[in-house]
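Reader: I'm new to this one, so please keep it informal. Take a close look at the largest cavity for me, and then show me what else is around.

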Amino acid sequence: MFDQVIERFRNVAPRAEFWSLRMVSSRQEYIEVRQDVLQPVTTARDIGVMITVIHRGGFGYAATSNLTESGLKAAASQACAWAERSRKIGILDFSTITMPAPTGEYRSPIRIPWQSVPLPERIDRAVSECARLKTDDHIVDWETSLWFTEEDHLFLTSTGGESLQHFELLTPGMSVTANEGSETVSRSFGGFDLGRQGGWEVLEEIAFADQPPVLTEEVIELLAAPNCPTGSMNLLLDASQMYLQIHESIGHPLELDRILGDERNYAGTSFVTPEMLGTYRYGSDLLNITFDPTIRDEFASYAYDDDGSKAEKECIIRNGILERGLGGITSQARLGLPGVANSRACSWNRPPIDRMANLNLEPGVSSFEDMVAAVEQGVYMKSNNSWSIDDSRNKFQFGCEYGRVIRDGQLAEVVKKPNYKGISATFWRNLEMTGNQDTFFVMGTPHCGKGEPNQAIRVGHATPACLFSNVDIFGGE
Amino acid sequence: MEAYFNTLADALTCKLTGEEVLTLNFGGEASDFVRFNQSSIRQAGSVRDSSISLDLILGACHAKGHTSLTGDQSEDLSRLTALLADVREMLPCLPEDPHLLYATEVQSTTQSGENRLPEAGTAVDSILTAGAGLDLVGVYASGEISHGFANSLGQRNWFSSHTFNLDWSLYHETDKAVKCGYAGFDWGQEQFEVKMAAAAAQLQVIKRSPRTIPPGKYWVYMAPAAVCDYLGMLNWDGFGLKSHRTKQTSLLKMIEVGTRLSPVVTLCENTRDGVAANFQNAGFLKPDTVSLIDQGQHRNCLISPRSAKEYGVATNGAGAGEGAESLEMKAGSIPQREILARLDTGIYINNIWYLNYSDRPAGRITGMTRFACFWVENGEIIAPLNVMRFDETIFHAFGENLIGLTEEREMLLDPETYDGRSTSSSRVPGALIEDFNFNL
């Protein structure tokens with residue numbers, strides 16, 4: 001299909017200073033089992049293109065699922081019309097940007113291709129793991145899911161660029177819910193935070209089969225557990241919560257297009273200003289954050305972003321000091337500052353904007369036991385179930401599924417509905433210990449939302465467990 | 001497009017064998033999106049997107065497929081035929097689905113809206129002219145939205161509308177701004193200018209020195225946009241039957257211990273007066289209205305066909321997500337002109353942001369104030385408020401602590417565009433609430 005479309009497009013390519021054609025073809029399969037009932041298995045295919053034109057300073061795009069020559073011609077014409085219409089009233093003169101012309105390929109690392117496992121076996125895996133979840137009469141809902149995606153991205157430019165990237169991704173999930181009266185608690189694994197690149201082997205790598213006994217035991221513990229205590233105390237966060245803390249209070253505030261004000265009507269702005277880059281103390285000396293598109297199985301690894309910039313690992317925060325923002329070629333040009341290759345779109349039908357991709361907290365040297373032992377009074381939390389932050393990315397509040405009190409250096413009683421709140425600008429400066437490689441886990445969510453028009457995109461966050469001091473912790477009603 | 005969809009549906013129906021049954025859902029849009037920042041164009045473009053989802057059913061076994069469309073009949077039939085074959089190949093691997101339910105009574109409908117939209121450039125020019133000298137940020141979306149349903153039993157349903165949705169804010173500095181919305185089928189220049197003028201007037205208040213208040217409980221007035229967002233949380237495991245039967249609903253206290261909301265709270269799903277299609281994707285037509293909460297008491301859940309089959313009740317036209325698409329709240333008795341006086345001292349909340357459940361079984365919702373929220377003293381707006389986090393249960397806010405609702409309501413068309421342009425809407429009043437909890 002790609003060759004056909006390229007040939008058709010070359011017949012109708014716009015006459016402009018610069019054009020690009022970005023084609024995305026995806027295949028998805030969704031297998032879900034709920035209460036031991038297989039839900040309708042779904043296979044989905046989607047293919048379309050976005051044509052982008054830069055001409056005489058103006059910028060325009062047109063996306064279409066009509067891949068006939070006439071459809072491509074119409075899209076090219078629309079993109080040109082928007083470029084013309086916007087050229088004197090645009091936010092910048094786009095002709096001043098030298099757009100990349102990438103040449104190269106990328107392929108997700110796959111050990112066991114999804115399609116090499118027969119469908120009955122894929123279904124059976126979901127069914128058999130689900131069957132291990134109903135272990136108690138208090139359990140009222142239980143489910144497993146396997147969401148597989150395969151994507152091919154072709155990118156052509158009028159300047160000779162041609163890149164082809166192939167992605168295979170798996171997002172597995174499992175959850176169990178227990179109830180007694182007006183109290184309901186849940187425990188989950190994956191579902192929306194454990195996406196990785198890879199095939200069938202991902203299930204083994206994340207120890208999917210080990211989770212049912214853990215989740216079923218913990219959900220019953222939670223049902224009988226007391227409410228999380230309230231107070232300012234130490235907070236030990238598992239990777240299954242750390243990923244979202246990083247996402248919301250480091251990733252988003254550092255997106256350069258937010259700093260430039262593009263998102264102020266929707267996703268918001270940032271407490272970070274351009275002057276802070278290079279000097280601002282974002283966190284303690286232990287805070288080292290990298291933009292890393294090279295980790296083999298992380299969700300948002302790639303060779304080129306959707307404007308064609310080559311993706312390379314960059315240090316964003318080093319020993320607590322903010323070095324660099326997260327912005328692609330357009331934002332870099334607007335600010336006159338370096339960024340990273342993170343101009344990305346969720347699919348062919350949305351234009352690229354600055355999106356965090358893989359944003360990781362580098363591991364430290366402390367074992368989990370070391371971090372527990374360092375706590376006089378605190379709470380250990382894992383598995384996010386609630387997230388909220390203000391539009392400048394400062395005042396946040398998170399909730400987790402599972403907590404355990406830490407008292408005098410020992411893990412103590414399980415507590416339910418653990419929540420905490422804070423302010424980004426001070427929270428990271430209270431980072432006291434970072435976990436070692438043993439606590440490090442590669443997380444990834446497919447549902448980061450932003451942009452006008454809106455788009456939800458996958459991001460990766462690899463992180464160890466971390467210990468914070470003086471955090472406001474509280475429980476449920 | 002309707003005729004095209006029907007042609008594809010007819011052709012695919014001919015490819016069925018034996019006792020196979022087929023349902024098809026069409027989704028399409030032809031939209032323009034113009035994004036603004038600093039009263040300039042940030043990104044402008046168009047999206048033409050159409051696709052079909054199918055469900056191939058044989059007895060109680062079925063599987064689903066989805067493919068994008070080109071608009072070329074030969075190519076699309078080829079894709080759909082291949083998809084049908086792939087889905088057919090899956091069926092022998094699949095067990096019977098005990099919760100399968102699809103419409104078998106043929107009820108065909110068609111709703112086609114007229115295109116009265118301005119040319120995109122005309123609206124953009126108006127917006128930029130009005131925004132001159134101001135810092136205008138937002139997005140103008142316009143175009144045709146289409147949905148269709150067909151099955152091999154002969155049912156055909158079609159919905160199309162031509163709408164625009166301008167969602168924008170006027171900024172003073174940092175996070176201080178006024179949020180506005182203008183949406184509909186006809187661009188009214190005068191109407192738009194009235195909204196801009198009102199926003200510009202509020203912007204003058206935003207420019208006053210902001211006030212920071214300590215956490216605590218305050219009287220608040222929530223304007224309709226804020227009420228829409230707060231109650232909109234109930235679309236996330238609130239109204240749906242599945243969430244009720246699995247005890248995961250945020251209204252759990254209503255069903256377990258009979259907790260009620262305020263007697264002035266009456267909520268319904270009002271498809272008749274909304275702007276969404278009147279059919280759902282298994283072919284069931286939606287009733288004109290579904291009473292959800294009546295005078296503070298829980299009445300009905302939104303019931304999808306799957307939940308209906310699972311729990312042995314009748315479906316009421318809800319989609320798979322069992323959320324309201326045309327939420328309506330009954331008006332109250334407080335005239336809008338009396339709100340400031342009745343509020344006396346407290347917070348006037350125009351917008352809220354980033355809501356989430358902090359304790360779902362208790363109906364506790366956290367979120368932030370955003371945009372034009374004001375500190376009020378003795379019935380007068382004094383200053384804009386620096387952002388505050390709230391964490392409050394629906395049973396307090398719209399229960400014992402609800403003072404009243406306004407006589408006037410606003411019809412709000414959802415500007416969301418994640419999986420395509422939304423056709424959801426809410427018609428809600430404003431709400432005066434005492435002791436609303438702010439925790440940060």
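Author: Here is the cavity, followed by the interface, a pocket and a few local details.

A quick word on ground rules: this is a predicted model, where local features need pLDDT of at least 70 and side-chain atom pairs count only at pLDDT 80 or more, while totals for chains, interfaces and linings use all residues. Residues are numbered from 1 along each chain as its sequence is written, chains are lettered from A and ligands numbered from 1 in the order in which they are written, and side-chain values use heavy atoms, with hydrogens and water left out.

Now, your cavity. A cavity is a set of points on a 1 Å grid over the protein atoms alone where a 1.4 Å probe fits but cannot get out; a pocket is an open set with protein on both sides within 12 Å along at least five of seven lines, and lining residues have an atom within 4 Å of a point. Points are joined across faces, edges and corners, and volume is the space filled by probe spheres set on them. The structure has 7 cavities of 30 Å³ or more, and the largest has a volume of about 210 Å³. Its lining is made of 23 residues, with A:Phe59, A:Asp307, A:Thr330, A:Ser343 and A:Pro352 nearest the centre. Two or more lining residues come from each of β1 (18-34), β3 (42-55), α8 (329-335) and β15 (353-354) of chain A, and from β2 (40-58) of chain B. Those labels are DSSP runs numbered from the N terminus: helices (H or I) of at least four residues and strands (E) of at least two. By class, the lining has 10 nonpolar, 7 polar and 6 charged residues; Ala, Val, Leu, Ile, Met, Phe, Trp, Tyr, Cys and Pro count as nonpolar, Asp, Glu, Lys and Arg as charged, and the others, Gly among them, as polar.

Next, the interface between the chains. In all, 91 residues of chain A contact 91 residues of chain B (heavy atoms within 4.5 Å). The two chains bury about 7,400 Å² between them, 50% of it on carbon and sulfur atoms; that is accessible area (1.4 Å probe) lost on putting the two parts together, summed over both. The interface has 9 salt bridges, each a side-chain nitrogen of Lys or Arg within 4 Å of a carboxyl oxygen of Asp or Glu. A:Asp262 and B:Arg42 form a salt bridge at 2.7 Å, N to O. On the side of chain A that touches chain B, there are 33 nonpolar, 37 polar and 21 charged residues.

Over all chains, there are 49 salt bridges. One of them pairs A:Lys313 with A:Asp292 at 3.7 Å, N to O. Both residues lie in the loop between β11 (289-291) and β12 (314-318) of chain A, so the pair ties together parts 21 residues apart in sequence.

There's an open space to visit too: the second largest pocket, with a volume of about 420 Å³. Among its 24 lining residues, A:Phe189, A:Gln211, A:Asp238, A:Ser240 and A:Phe441 are closest to the centre. The largest share, 4 residues, comes from β8(A).

Finally, two backbone details. The peptide bond from A:Glu452 to A:Pro453 is cis, with omega near 0°. B:Gln38 has a positive phi of about 55° although it isn't a glycine.
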